[in-house]
Structures are given as C-alpha cells and as structure tokens.
Amino acid sequence: MNNLSEVEVDQHIFLVVNQLSKGANLVTDQNEKDNLASLCLRAGQKSMCCSDFRTAVDFFSMGISLLSGDKWRDQYYLSLDLLNALVEAKYCSADFDGMDKYINEVLSNARSIRGKIRTYSTKIFSLAGRHRIQEAIDLGFEVLGHLGEKFSSKSNKVAVIGEILKTKFILRGKSDDQLLNLPDMCEPDKIDAMSILNLVALYSFRARRDIFPYVACRMIQLTVSKH
C-alpha cells in the first residue's frame, strides 16, 4: 500500500480494505489501527455513494471495532465520523433498532451541539420514515432551541400572524435583486439551524400546516437578517 498514490488507493479502496482487514487482528499498534479505520470510513462512504448500504454498514462497523476503548477521548473526530456514517447507513438499510443504539452513543459523547446535528438530522428523517411525524417535528424544534432559535410546536394563530408581520417588516424596501444576491450565510449555528428548519418545514407542510407559515417565516427572517 505504501507504493500506491492517494488516487490509486481511492480507486482500489475496496480491495485495499478487504486485504488489510484479513490481518487486522495481528495489528497491535493503535496508530496503524486508526489508519485502517480511516480507510474503512472511506470504503464505507464509497459504498454509500453506490447505494450499497449493507456493505457500508460492514465497513463502518469494522472501522469502529479498530478504535481504542477510549475512542471518544483519543480519536474523537474519527469516532464521530464513523458513528455518524454508521447511523446513516443503518437508517438507509432500515435497521432502526441498530440505528437508535448508535444515535444514543453519539448524542451521549459528542462535545457540542454542532457535533450532534448530523445525528439529529438522521433521527428526524427516521422518525418521519416510521410515520412518527409529530415526534420528528418536536425533535426539530428541540434542536433549534439548542441552536438559539426558540419555537413553540403548539398552534397559535396570534404567533403566526406576528411572524408574518415581522417578516413583511424585514422585507420592506428590499428588491428582488437584493434578495437574490444576498451573500452566503457564514455563521455555523445559523447554517445548522437552516438545515433543521428545512426538515421541520417539510414535515409541518405534510402534517402540521397550522405551523408551516410560522416555520417558513422564520426561515426567511433568518436568511435576510443574518446578512
């Protein structure tokens, strides 16, 4: 493998990982195990791109098994990437019980709300996929609260009207060209909030149309006010 370029490793990642994994139990150096775990992550990601979710689960699980007993301390970012990837692969292969187990592990060990967003997003998707749309919406609002965007999931016509009026005020005097040419949002927390709002908007439109205008207005406000 030392004679292969990064491009060649990527081209033959399945062969490389499968061959190295045969001797994985003989590897004692943790740095070498971490390197192999990183290759497992790459192989799993490539399997995900090919929609081969069960093979991806195998690669990600192998990568996790190579990490140390104190992986959340010693290999935090690699652990986070592997666990998040495994959660997504299990969701895509409809292994919801296995997915929930690893979701709980990530949420218990991630160091910040930003480290949990990817996992929360998958959990919201999975709740809706299991026809638990109200739970998905409620979780979305909970996550938004952690990101500084407070919401109430209860229907309140006065609150909705207030959000509409606030949105009209923010948009007052702004032309279509000005709105179309707003710079990209750059605050990480606000970008994360928008990704969760996008999910909440989707599911509220399907099942809670009474709060959909509230969510849509907040998305507009967040987009315009952060530039």
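## A tour that starts at Leu127

Select Leu127 and show its neighbours: leaving out residues up to four places away in sequence, Leu127 touches Arg132, Ile133, Glu135, Ala136 and Leu139. Touching, or contact, means heavy atoms within 4.5 Å. What you have open is a predicted model, where local features need pLDDT of at least 70, side-chain atom pairs count only at pLDDT 80 or more, and totals for chains, interfaces and linings use all residues. Residues are numbered from 1 along each chain as its sequence is written, and side-chain values use heavy atoms, with hydrogens and water left out.

Is Leu127 buried or exposed? Leu127 is buried, with a relative accessible area of 5%. (Buried means under 20% relative accessible area, exposed over 50%, and partly exposed in between, using a 1.4 Å probe and protein chains only.) Now add Ser195 and draw a C-alpha to C-alpha distance: Leu127 and Ser195 are 16 Å apart in space and 68 residues apart in sequence.

**Stop two: α8 and α9**

Leu127 sits in helix α8, so colour that helix next. (Helices are DSSP runs of H or I with at least four residues, strands are runs of E with at least two, and both are numbered from the N terminus.) Two packed helices are described by the angle between their axes and the distance between the axes. For α8 and α9, the angle is about 165° and the axes are 8 Å apart. That makes α8 roughly antiparallel to α9. (Angles under 35 degrees count as roughly parallel, over 145 as roughly antiparallel, 65 to 115 as roughly perpendicular and the rest as oblique; axes are lines fitted to C-alpha atoms, for helices over the stretch in contact, and angles run from 0 to 180 degrees between N-to-C directions.) Show some side chains from this contact, including Ile117, Tyr120 and Leu127 of α8 and Ala136, Leu139 and Val143 of α9.

**Stop three: the loop with His131**

Between α8 (113–129) and α9 (133–146) there is a loop, and His131 is in it. His131 is exposed, with a relative accessible area of 72%. Check its backbone too: His131 has a positive phi of about 65°, although it is not a glycine. Most residues other than glycine have a negative phi.

Ser51 is another one to click on, with a positive phi of about 60° although it is not a glycine. Look for Ser51 in the loop between α3 and α4.

**Stop four: α2**

Which residues are buried in helix α2 (residues 13–21)? Select Ile13, Val16 and Val17. They cover an arc of only 90° around the axis, which puts them on the same side of α2. (The arc is that of the directions from the helix axis to the C-beta atoms.) Turn on the surroundings, and you'll find that the cover over the buried residues of α2 includes α1 (6–11), α3 (30–49) and α4 (53–65).

**Stop five: α12 and α13**

Jump to helix α12 (residues 188–207) and helix α13 (residues 212–225), which pack at an angle of about 155° with their axes 9 Å apart. That makes α12 roughly antiparallel to α13. Among the residues making the contact are Met194 and Leu197 of α12, and Val215 and Leu222 of α13.

**Zoom out**

Finally, show the whole chain as a cartoon: the secondary structure comes to 13 helices and zero strands. The C-alpha atoms fill a box of roughly 65 × 40 × 30 Å, taken along the principal axes. Of the 227 residues, 42% count as buried.
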